[in-house]
Amino acid sequence: MTILDLNLAEMTDFLVNEVGLKSFKARMVFEWIHQKAILDYDLMTSLHQTERDLLKEKAPFPQWTVTEHPTKDSNKLTATTDDGNSIEFVILKSKSAPTLCVSSQVGCPLKCAFCETGTLGITRNLTAGEIVYQVLLAEKKTGGIGNIVLMGMGEPLLNLDNVLKAIAILHEPTGLNVSPRRITLSTAGIVPGIEKLLTADSGINLAISLNAPTDELRSELMPINKTYRIDTLIRAAKAFQEKSGRRVTVEYVLLKDVNDTPVLIRSLIALLRRTGFHINLIPFNPTSSGYKKPTLDHIEWVKAQLEAAHLNVTIRNSRGVSTQAACGMLASKK
Ligand code: SF4
């Protein structure tokens, strides 16, 4: 745990009672960190030198080593955490403010067949402060992040308490004040987690990573499907959409000749018809898994089939492929 794990009330309490600052100074520290992304006490010019020295001693910041892998459309950041683990997060450039893809775990336990991260297994959950730290580092680098997507390494619903705390810290009006509407959490289908997310009323958006319209194929691609079958996942997503009033996104990574055949696309249409979900088709990024990306013509054909069935669909081209920063490719390769 570091100072970045603390919300405003907790930080005030800690800095007043453990460090001896006045409460207005504690608020200043929160503002320096979370409004201005200043992660160096020596740069907090509204504090006295004695206060800065005390803070350095009693509330040190994490000291990650971060390596950048920039391309024209993304910047993958590979970080070594204070306990020597490796994680990645990605700034995806856009004409407006960049999107940040953050990680929620070191590795991932779910072992989806097409995913590089899944080959790592799970080491541990990231703390709320480590999730916040990714955002602050990206803020510092870009001068202002637009949207945040929890689509990096890990299954966020298996680390929901820390994810929710990070979202609450990022939402503090005295801090970065990120609207939950700018945050999307993507899950491989942890149904009780979706229900808990709904109960928590965090205000964030939900995406479900579907990738197959039948239980047989989905269980092969995503072993979590053996625990939470497609019908229970769709039911939970519908409940989320109805109760939250926010449209759910379905992610469908297109794997050549695996989940993009005419028969399966017809099943997909039947499954999603009248759900009101938005569908993101994601052309697969080749990894060591052996799956392939469909041709551009075929990707357009899939989109046209879904549109003809009056489904709401876009093709999401993964940025960052050249540096292994794209969807399903984060595996701490340096
Ligand atoms: S696709 Fe997501 S849930 Fe599946 S193994 Fe990769 S990181 Fe984990």
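**Close-up views of the mixed sheet and the ligand shell**

**View 1. The hairpin of strand 2 and strand 3 in the predicted model.** Strand 2 and strand 3 form a hairpin with five residues between them, and in its turn glycine 84 has a positive phi of about 85°. The two strands, strand 2 (74-80) and strand 3 (86-92), pair in the antiparallel sense over seven bridges, with phenylalanine 89 in strand 3 as the bridge partner of leucine 77.

**View 2. Strand 3 and its pairing with strand 4.** Strand 3 is mostly covered, six of its seven residues being buried. A hairpin of six connecting residues leads from strand 3 to strand 4; these strands run antiparallel and are joined by three bridges, and valine 90 stands opposite cysteine 101 in strand 4.

**View 3. Helix 4 across the sheet.** Helix 4, which spans residues 128-142, lies across strand 1, strand 2, strand 3, strand 4 (99-101) and strand 7, and runs at about 40° to strand 3.

**View 4. The open sheet as a whole.** Ten strands, in the order 1-2-3-4-7-8-9-10-11-12, form an open sheet with mixed pairing. Its edge strands, each pairing on one side only, are strand 1 (65-70) and strand 12 (312-315). Neighbouring strands of this sheet are turned against each other by 20° on average, direction ignored.

**View 5. Parallel pairing from strand 7 to strand 10.** Strand 7 (residues 148-150) pairs with strand 8 (residues 183-187) in the parallel sense over three bridges, and valine 149 has threonine 184 of strand 8 as its bridge partner. Strand 8 also pairs in the parallel sense with strand 9, over four bridges, where leucine 185 stands opposite leucine 206. Strand 8, helix 6 (residues 191-200) and strand 9 together make a right-handed β-α-β unit. Strand 9 in turn pairs with strand 10 (residues 249-254) in the parallel sense over three bridges, with valine 250 in strand 10 as the bridge partner of isoleucine 208.

**View 6. Strand 9, covered on both faces.** In strand 9 (residues 205-209), five of the five residues are buried. In a regular strand the side chains alternate between the two faces of the sheet. Here Asn205, Ala207 and Ser209 lie on one side and Leu206 and Ile208 on the other, and all of them are buried.

**View 7. The residues around the ligand.** Twelve residues surround the ligand, of which Cys108, Cys112, Cys115, Gly118 and Ala188 come nearest. By class, this shell has six nonpolar, four polar and two charged residues.

Notes:
Residues are numbered from 1 along each chain as its sequence is written. This is a predicted model: local features need pLDDT of at least 70, side-chain atom pairs count only at pLDDT 80 or more; totals for chains, interfaces and linings use all residues. A residue is near a molecule or strand if its C-beta atom, placed from the backbone, lies within 6 Å of it. Ala, Val, Leu, Ile, Met, Phe, Trp, Tyr, Cys and Pro count as nonpolar, Asp, Glu, Lys and Arg as charged, and the others, Gly among them, as polar. Two strands pair if DSSP finds at least two bridges between them. Axes are lines fitted to C-alpha atoms, for helices over the stretch in contact, and angles run from 0 to 180 degrees between N-to-C directions. Two residues are in contact if their C-beta atoms, placed from the backbone, lie within 7 Å. A residue is buried if 20 or more other C-beta atoms lie within 10 Å of its own, exposed if 12 or fewer, and partly exposed in between; C-beta atoms are placed from the backbone. A crossover is right-handed if, with the strands pointing away from the viewer, the path from the first strand over the helix to the second runs clockwise.
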